[in-house]
Amino acid sequence: MKLCGLWLATLIAVAPASSVLAQCSAPANSQFQPFSGGENKPAGHFEWYSAAAPNPRQGGGHPTHVFERRVKNLGTTTLKYDWPVGRMHNDALPPGATDPFCYEYGWPNQTDGPLHYGRGNEETKTTVWEGKDEPKPGSIWAMFAFHIGTGGSVETVSIRVSTSYRQASSGAFSYRYLFESLQGKPVTLRWGIEKDPALRENLKAREMSSEFALEGKRELFFDSRAEPATGFRRVDIVVGGKAVAGVEVPMVIPGEGLSERMN
Amino acid sequence: MPSATLKDIAKDVKTYVGLAVSLFGVLNNYLHVFMPLAPSLRLQTNVILIVVGSIAVGITIARIYANRGPGLNSWAARVAGVWAGVGFLAWAVYMPLVDFLANHSHSQSASQWFDAVQVGAYVFPFLCWSVAVAALLALFL
């Protein structure tokens, strides 16, 4: 099992972007049946999907389960959607494109909530698998890809976010944050850390803002006495100063030492 | 003289009832009883509704003061009628416009422009009705 985990970790580290995105899926399993649905109305023609499975990467402080969500636009025009329980939004998903989002977290629970779509008040009922509280994980990754239509072309922005911590001998905690553009394309990200003073202060100390350009990888290390908590924080893709698409990704956060419950 | 000033202030306060129309526009964003709007456009729409509504009602009050005299009633009636009519026209155009925008959004940049157009189209009827109500109240107060 450990060999399998090591093999997977190595594969993810060296695989090209497309292969990494291809792994953005929860393995088929009989324990958690996926939820899916869709709409075919003038305001939007799309499918949504939510799945969960035991995490193939066991050990190493990784959470026990992986989660996968996606939204596919089956229409002939862009799809505007906001999926609060799925923690995804895109102002203009191009026709035929799919936004995938996957991450690792704790034991799955199911939650109901609407997916808003179109320019009016249309919404469809959805059920998603989401992680429940569990002992704090030491390392969490998440991957997502958004399709951004620019004029006549469609740009795909694929991001991997990996966070981890370890306890130093001094009693402090060493935190590591990695943001990686899987296709190496430059992209501007906005990191929703307004309520995280330790993170904000560390970014400020590095003369970094919570909105930053990412080309390839960006890693952030720092020590803090604040105990690690886990929670979801928004990562938006910024185009022309506007957050056009984004997700809430799970991450390790220097906080009060209590894991936040997913809501 | 002091009683006249108090009366003017009271008149202003009552005329500001025109702002209630903008507030109804904000409320509608959450109750979905009147005109539909995507939740992602709510915040900027609400801010614009309040700011632009306040400015429009303020200008209307200033115009009411400027037109004080024998011709005020006919002026106020004309303003109330015209702006109410334009508001209803804009309201009637809203849904076809939203359908058009939804069917012609082929890129992110187009979608962003359409967002701005839709927010404007949502705010405009409430703006017209705010002015109309402010002018209408000037007839009676």
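Here is a walk through some strands, two nonpolar cores and a helix pair in this predicted model.

Let's start in chain A with strand S7, residues 108-117, which has a partner in S4 and another in S8. With S4(A), residues 79-83, S7(A) pairs in the antiparallel sense over 2 bridges. With S8(A), residues 123-131, the pairing is again antiparallel, and here 9 bridges do the joining. A handy residue to click on is A:His116: it sits opposite A:Asp82, and its bridge partner in S8(A) is A:Glu123. Follow the chain from S7(A) into S8(A) and you pass through a hairpin with 5 residues between the strands, where A:Gly118 takes a positive phi near 80 degrees.

Now for the nonpolar interior. The largest nonpolar core holds 54 residues, and A:Tyr81, A:Phe144 and A:Trp191 touch the most other members. Strand S16(A), residues 242-255, supplies the largest share of this core, with 7 residues. Zoom in on A:Phe144 and, leaving aside residues up to four places away in sequence, you'll find contacts that include A:Pro100, A:Phe101, A:Ile159, A:Val235 and A:Val249. There is also a second, separate core of 15 residues, with B:Leu37, B:Leu49, B:Val98 and B:Val119 among them.

Over in chain B, look at helices H2 (residues 19-31) and H3 (residues 42-66), whose axes come within 8 Å and cross at roughly 170 degrees. Anything over 145 degrees counts as roughly antiparallel, so that is how H2(B) runs relative to H3(B). H2(B) brings residues including B:Leu19, B:Leu23 and B:Val26 to the contact, while H3(B) brings B:Leu49, B:Ile50 and B:Val57, among others. By class, the contact has 7 nonpolar, 7 polar and 1 charged residues.

Terms used:
Residues are numbered from 1 along each chain as its sequence is written. Chains are lettered from A and ligands numbered from 1 in the order in which they are written. This is a predicted model: local features need pLDDT of at least 70, side-chain atom pairs count only at pLDDT 80 or more; totals for chains, interfaces and linings use all residues. Side-chain values use heavy atoms; hydrogens and water are left out. Two strands pair if DSSP finds at least two bridges between them. Helices (H or I, at least four residues) and strands (E, at least two) are DSSP runs, numbered from the N terminus. A nonpolar core is a set of buried Ala, Val, Leu, Ile, Met, Phe, Trp, Tyr and Cys residues joined through side-chain atoms within 4.5 Å. Buried means under 20% relative accessible area, exposed over 50%, partly exposed in between (1.4 Å probe, protein chains only). Contact means heavy atoms within 4.5 Å. Axes are lines fitted to C-alpha atoms, for helices over the stretch in contact, and angles run from 0 to 180 degrees between N-to-C directions. Angles under 35 degrees count as roughly parallel, over 145 as roughly antiparallel, 65 to 115 as roughly perpendicular and the rest as oblique. Ala, Val, Leu, Ile, Met, Phe, Trp, Tyr, Cys and Pro count as nonpolar, Asp, Glu, Lys and Arg as charged, and the others, Gly among them, as polar.
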